[in-house]
Amino acid sequence: MDISEQLNATNVTADEVEPFLELTPALVQKRRSQGRIIFDRFLRNRAAIGGAVFLVLLLLFCVLGPLFWRVDPTQTNLLNVSATLASPSPAHPLGTDDVGRDVLARAMAGGRVSLLVGLSSMLMAILLGIGIGAFAGFYGKAIDNLLMRFTDVILAVPLYLLLFVLSASFTDGTPKSVIILIAIFGWTYAARLVRGEFLALKEREFVLASRTIGAGNLRLMFRHMLPNAAGPIIVNATLLIGTNIILESVLSYFGFGIKPPDASWGSMIEVGQGLFDVDPWLVAIPGLLVFLTVLSLNLVGDGLRDALDPYMTER
Amino acid sequence: MGRYIIRRILQAIPLLFFLTVGMYLLIHLLPGGADAVLFNPHLTAAARAGLRARMGLDDPGYVQYFKWLGSALTGNFGYSFNTNEPVSDILGRRFPATLELFGSALTLALILAILLGVISAVRQGTATDYTLTVISYFGIAMPVFLLGLFAQDIFGVQLQWLPTSGTGNYGTALPPLDAFVDHVRHLILPMVVLAVAFIAGWSRYMRSSMIEVVKQDYMRTARAKGVAPVPLLFRHALRNAVIPLITVVALDFGAVAGGATITEGVFAWPGMGLLFIDSLDRRDYPILIAMLMLGAVFVITFNLIADILYAVMDPRIRYS
């Protein structure tokens, strides 16, 4: 069959249509999906892989660890002096803190809290940011102006000041209130990002094309435009988790946020700082965990940014 | 140029207005806010009602708001719950210390960030670049209070080189030169700790900005016309690369009211941040609200300065 016949033919099987493929094997490349291309580019970045590996290990440590290490992180042990501030032993591989709680169990519990707060507040913030940014960018003009002024008001107040005041007055030590509080401040960058992307995407032909076949506004925004803006959003989301984890640990360090006896890496550091000369590991362990977690998240985020960059040529 | 400035100032005014409304609502939402004075359990109901009327708490909302706004604009932020001093006096006392810490830290950070960013960009891809990038990643990921604790321990306790807290030695009256040196010794550790986080972020920004500038055609032209590499770097590349960084620096400087909070907490540096933490523990709301207001005004002012600086340095912006 020649080309003109193929174009007009019906009931054609695959082998009849594509005999040319075998004649030119050198020109045929193995087709990779878009996701696969991005994944391969990500894998070329060794630092990003290191970060991702650490995050997976951390997840296993915090979530599956307690199944193997069944020690209550809030169980104090004040029976005798040697039970507090103990050195590492088979019973307590990382020692105990000043009231006899097991540091390893607290590290796991604190990790769970940090990851929970970081992820949940990121999701909330991103959803808020996408919603506000999408409406601002899509409708433009008055709505855009209004929403961006609102964003400016939130951004104008110094972050830590407002965060501390609100957390001192409104949180009750549960992760939920901390999550909501952190999310309230985290959405602004995502909103700006989405707004910028939408302002640019609004002028593209596929938007006009979808509209002419009858797509409504909401469908346009979330079914067509948002997937195109997904790249920078994903990068921002990853970096936001790291920022939120630091925020949560700062809040706990100052006594707002997650309060003892619940474990949180920030409050562990606060407890340990007064005993730094006696047992530096009380500070070093949660400190290193926070640092390495945020570092890994930053590396993964940067790796994603490089992998998703459309201008980076294939190497 | 003038029109651009006026336009930006006009845009900032409604923002300030919304902020005052937000602050006012915040006062009324916080526990122990406007009605805190009346929590005395010994007051009879009649006395309490009379007190409320005399203090104007029965006026409609907008009247109360404008009264509050009027006094806030003249600098009267009320009296501290704790010491009954006027809040503006307390703030005035604490502000110079924060300004000193923040200003010196940001200046140090700016100098080092430009230096490290340029070195990293010029030696892009080499071991130097890689090392500096790794160090800046560390700086970004490290929480400030952790770095402060480690620095205090290493330099203050182990090596005994520098003092770990406060602004000076109390107890002995030193001659002026020694007192100044002592003050500087106390300043070094918190200043460096505060600067590290800024250096990490800014140097990466400077690096990418510099790389972009060096790729431009006019750089190649200048080199072809015979400009030596070093003057080329400073006179042509640096000038253009530094523009976005300066605006970021101006924006970060806007955080002066609360930006050093954590550092001041760790090093017991008697500035606005420490005042904020102490007031927070004592639930001293007049000071807290005044600091939030002041902080917001600073942020908006420095946003404006950053925009104006950008327009001054990059003429293309003025006509957009």
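This section describes a predicted model of a complex, covering its confidence, the contact between chains A and B, and the surroundings of one residue of chain B.

For the complex as a whole, the predictor reports an ipTM of 0.79 together with a pTM of 0.81. The mean pLDDT of chain B is 83, and 96% of the residues in chain B reach a score of at least 70. Within chain B, the highest confidence is found in helix H4 (residues 87-122), with a mean of 91, whereas the lowest is found in helix H2 (residues 45-54), with a mean of 78.

The contact between the two chains involves 29 residues of chain A and 31 residues of chain B. On the side of chain A that touches chain B, two or more residues are contributed by each of helix H8 (141-156), helix H9 (159-170), helix H13 (230-253), helix H14 (265-273) and helix H15 (281-308) of chain A. By residue class, this side of chain A comprises 21 nonpolar, five polar and three charged residues.

In chain B, B:Asp182 lies in helix H7 (residues 176-214). B:Asp182 is classed as partly exposed because it has 16 C-beta neighbours inside 10 Å, a count between the limits of 12 or fewer for exposed residues and 20 or more for buried ones. When residues up to four places away in sequence are set aside, B:Asp182 touches B:Gly168, B:Asn169 and B:Leu174. As regards B:Gly168, a C-alpha to C-alpha distance of 6.1 Å separates it from B:Asp182, with the two residues 14 apart in sequence.

Methods
Residues are numbered from 1 along each chain as its sequence is written. Chains are lettered from A and ligands numbered from 1 in the order in which they are written. This is a predicted model: local features need pLDDT of at least 70, side-chain atom pairs count only at pLDDT 80 or more; totals for chains, interfaces and linings use all residues. Two residues are in contact if their C-beta atoms, placed from the backbone, lie within 7 Å. Helices (H or I, at least four residues) and strands (E, at least two) are DSSP runs, numbered from the N terminus. Ala, Val, Leu, Ile, Met, Phe, Trp, Tyr, Cys and Pro count as nonpolar, Asp, Glu, Lys and Arg as charged, and the others, Gly among them, as polar. pLDDT is the predictor's confidence in each residue, from 0 to 100.
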